[in-house]
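Got your viewer open and a cursor ready? Let's take a walk through this protein, one selection at a time.

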Amino acid sequence: MKSDNNCNTDNRINTDNTKHNITLNAEQQAILDKILAREICVGIIGLGYVGLPLACEYANSGVKTIGFDVSESKVKSLNAGINYIEDIDDALVKRLIESKTLEATTDTSKIAECDAIVICVPTPFTANKEPDISFIINAAQSVSDNMKRGTIVVLKSTTFPGTTEKFLKPIIDNVNNSGGTKRVIGKDYFLAYSPERIDPGNQKWNTKNTPIAVGGVTPECTHLASALINIAVDQIVELSSPSIAEMEKLLENIFRSVNIALVNELAKLCDRIGVNIWEVIDAAATKPFGFMPFYPGPGIGGHCILIDPYYLEWMAREYDFVTNFITLAAETNEDMPFYVRDMVIKEIAKQPISSFDAKILIMGMAFKKNVSDLRHSPALKVFELLDLEKMKNIDYIDPYIPEVKVNGHSVKSIESLSPEVLQSYDIVLITTDHTAFDFDMVAKNSKIVIDTRNACKNAENRNNIVLLGDGK
């Protein structure tokens, strides 16, 4: 993460209100002036992959920042100067804590000290694939119970269109007192939605330099929220409403879900007809227009791409609309771990050994390479499926994830790879292509390699490699 406090004004929003046809009253202008002078305190609710990097950007810009989280272990770790997010520099966190620019707490009463609150809590789905916005509701209630007049509230959690105005606004409108008074938006507080754009492990695009969209309930809300976010993010795109911003976020991720589903389905077809999907995609990618390469794999993971299609599907039902195409793509991606499990069973059947006695090594547990992010990891799903097949000799290795829970029991990563270790397994399954792995050594020393990431594409020995989407 950058530690330069200087602002790049070339990409920042224009704070001249006349450019946006906005006339702020004296009170609103005073709030804007405080933001531009950085004489504010910002509260971040949720200190995970989105919230902590954002909190660090605010604090690193010289703004007093308070991070809120329900996890006492996270709060204790941060206040000791210990970082737990890979994309943030450890030394930066330590410096911000020691300088008291950044602090963490579980005490929501300190929301009263903040001039602005940014909500970055999880938005999972239920076992029935329905949205669970309970974390948002709880955060909104904490804000409503403790906020002072004039607070700017920004929701960043990925959700369905309408969440900000139909769920957050009524909670914040209602003041928790016996008088029954209500807050007036644009006067007592300002509300907006600004979706997160976090890509764990990305070395080029981070919180600071990734453009962010903002949509407020009123034009004044949009303008003030944009100025607030612009402290931490270089480039802001102002939208006309929170619903536009909420739907925009879903579009980003559903676009990826649909295209990944396309190549995953084609990979299955190529397996059947004996055509290499990886070579097909690379060939198509030579076209300089009208094509964007996506690649198959054991499934999709992380927070957004897996969940977002179901958030939209659920919301669409309220309007008697069925998102057949989008839902089918999500189901196609969720089927991939089952397909990979079947690939393993098929290869075991070719050997003089039962599935109960076969030794299997799974390489990688993280949902993508070079991160420790286990959220909805397809590798973990494959592990669970093989475990349910009563295969008793399954190990895994992941330098980023030392231990996982598989169907209720803990499994630790093996410590290291060597030719001798690889030779002891009947099947080596590559599910995450961490650059720390020596895939040439893996190919040379394994009996059978099932490669779901084309990680062994440059290996000299390919006779023992079963490649997803190759069909050989």
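Start by selecting strand 4, residues 116-119. Show the side chains: A116 and V118 point one way, I117 and I119 point the other way, and all of them are buried. Keep in mind as you click around that this is a predicted model.

Now bring in the neighbours. Add strand 1, residues 41-45, which runs parallel to strand 4 and is joined to it by four bridges. Which residue of strand 4 is the bridge partner of I44? Click on V118, because that's the one.

Next, add strand 5, residues 151-155. Strand 5 also runs parallel to strand 4, again with four bridges between the two. For a pair to look at here, pick I117, which stands opposite V153 in strand 5. As background, strands of a sheet pair through backbone hydrogen bonds, either parallel or antiparallel.

How does the chain get from strand 4 to strand 5? Select helix 5, residues 134-146: together with strand 4 and strand 5, it makes a right-handed β-α-β unit.

Before leaving this area, stop at D132, in the loop between strand 4 and helix 5. Is D132 buried, partly exposed or exposed? Its relative accessible area is 22%, so D132 counts as partly exposed, since buried would need under 20%. Now select P122, which sits 10 residues away from D132 along the chain; their C-alpha atoms are separated by 9.0 Å. Leaving aside residues up to four places away in sequence, D132 touches T123, P124, F125, T126 and Y311.

Time to look inside. In soluble globular proteins, nonpolar side chains tend to be buried together. Here, the largest nonpolar core has 97 residues, and those touching the most other members are I44, I45, Y58, I119, I152 and L228. Select helix 8, residues 242-273, too: it gives the most to this core, with nine residues.

Zoom in on I152. Not counting residues up to four places away in sequence, its contacts include A116 and I117 from your first stop, along with I31, I35, F190 and L228. There is also a second, separate core of 29 residues; V340, V382, M391 and L429 are among its members.

Let's move on to another sheet. Five strands form an open sheet in the order 10-9-13-14-15, with parallel pairing. Its edges are strand 10 (393-397) and strand 15 (465-467), each pairing on one side only. On average, neighbouring strands of this sheet are turned by 20° against each other, ignoring direction.

Within this sheet, select strand 9 (residues 359-363) and strand 13 (residues 427-430), which run parallel and are joined by four bridges. Where does I362 find its bridge partner in strand 13? Look at L429, which you met a moment ago in the second core. Then show helix 12, residues 378-388: it lies across strand 9, strand 10 and strand 13, running at about 170° to strand 10.

Last stop: T431, in the loop between strand 13 and helix 14 (439-445). Is T431 buried or exposed? Its relative accessibility is 0%, so T431 counts as buried. Show its side chain and find the polar atom that lies 2.7 Å from the backbone oxygen of G364. Apart from residues up to four places away in sequence, T431 touches P298, I362, M363, G364, A379, T452 and R453.

Note on methods:
Residues numbered from 1 in each chain as written. Predicted model: local features only at pLDDT ≥ 70, side-chain atom pairs only at ≥ 80, totals over all residues. Heavy atoms only, no water. Buried < 20%, exposed > 50% of the residue type's maximum accessible area, 1.4 Å probe, protein only. Right-handed = clockwise from strand over helix to strand, strands pointing away. Core = buried A, V, L, I, M, F, W, Y, C linked by side-chain atoms within 4.5 Å. Contact = heavy atoms within 4.5 Å. Axes fitted to C-alpha atoms, helices over the stretch in contact; angles between N-to-C directions. Polar contact = N/O pair within 3.5 Å; in protein donor to acceptor, adjacent residues only side chain to side chain.
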